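Me: I'm new to this one. Can you walk me through it?

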Amino acid sequence: AGGAVVAARVLSDVAGLVTDPYVASVAVGSGCPVVRLHMRGTPVTMRDRAVYADAVREVAAELQECLAKAEQAGVRRDAVMLDPGLGFAKDADHSIAILQALPFLASLGCPLLVGVSRQSFLGTVAREPDATRRLPGSLAAGLFALAHGAAILRVHDVRARTQRIRVGSCVASVMSGLPSSAIA
């Protein structure tokens with residue numbers, strides 16, 4: 001785009017390829033996968049915009065709208081990943097509801113990228129105000145997300161998450177080989 005070298009492997013745009021047409025042209029020209037994060041407003045105004053009658057359905061509809069706009073701009077659907085934006089213009093109850101609805105959001109037909117690492121909603125649920133002490137909650141939420149439709153996790157504590165995924169995968173493969181009576 002304009003002679004610039006694109007070195008990104010994934011393009012993440014919180015504005016959904018809408019506010020800056022250059023971003024969509026970079027996405028199309030580079031062939032980079034695009035992450036569309038759901039957020040109402042801006043980082044400054046998003047807390048005031050966390051008002052939903054039905055957070056899950058509204059987030060799904062807004063993600064579908066952004067997906068349609070990306071396709072209209074020439075971005076291939078198979079190049080789009082959707083991030084429901086836990087904590088972005090969402091309170092703790094909204095974030096939990098969306099986390100629980102990941103299978104529904106996965107039905108939108110794009111891989112889901114979910115960021116649960118150290119999120120404030122985890123602090124609310126776990127009663128842990130210090131974000132640096134939310135690793136256990138982050139691991140639990142990440143495991144839940146992967147088991148319910150997330151294809152990718154956005155994380156802070158990479159080593160801890162890698163270990164958790166390795167152990168979880170190993171246990172799941174061992175458990176799948178056991179008779180159901182042995183699991184209970």
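Me: Let's start with rings. How many aromatic pairs does the structure hold?
Reply: It holds 0 aromatic pairs. Keep in mind that this is a predicted model.

Me: OK. What sits over the ring of Phe104, then?
Reply: The charged end of Arg57 does. It lies 4.9 Å from the centre of the Phe104 ring.

Me: Switching to the core. How many residues has the largest nonpolar one?
Reply: That core has 39 residues. Leu99 and Val114 have the most contacts inside it. Helix α2, residues 55–72, gives the most to this core, with 7 residues.

Me: What is Leu99 in contact with, leaving aside its neighbours within four places in sequence?
Reply: Val114 is one of its contacts. The others are Leu86, Val116, Phe121, Ala141, Phe144 and Ala145.

Me: Val114 again. Which residues of its strand, β4, are on which side?
Reply: Strand β4 covers residues 112–115. Leu112 and Val114 are on one side, Leu113 and Gly115 on the other. All four are buried, so both faces are covered.

Me: Why the two sides?
Reply: In a regular strand, side chains alternate between the two faces of the sheet.

Me: In which sense do β4 and β5 pair?
Reply: Parallel, over 4 bridges. Strand β5 is residues 150–154. Leu113 stands opposite Ile152 in β5.

Me: Last topic, cysteines. How many disulfides does a search of the whole structure find?
Reply: It finds 0.

Me: And Cys32 and Cys66: buried or exposed?
Reply: Cys32 is buried, because its relative accessible area is 7%, and buried means under 20%. Cys66 is buried too, with a relative accessible area of 10%.

Notes:
Residues numbered from 1 in each chain as written. Predicted model: local features only at pLDDT ≥ 70, side-chain atom pairs only at ≥ 80, totals over all residues. Heavy atoms only, no water. Buried < 20%, exposed > 50% of the residue type's maximum accessible area, 1.4 Å probe, protein only. Helix = DSSP H or I, 4+ residues; strand = E, 2+ residues; numbered from the N terminus. Pairing = 2+ DSSP bridges. Disulfide = S-S within 2.5 Å. Phe/Tyr/Trp six-rings, centres within 6.5 Å; stacked < 30°, edge-to-face > 60°. Lys NZ or Arg CZ within 6 Å of the ring centre and 35° of its normal. Core = buried A, V, L, I, M, F, W, Y, C linked by side-chain atoms within 4.5 Å. Contact = heavy atoms within 4.5 Å.
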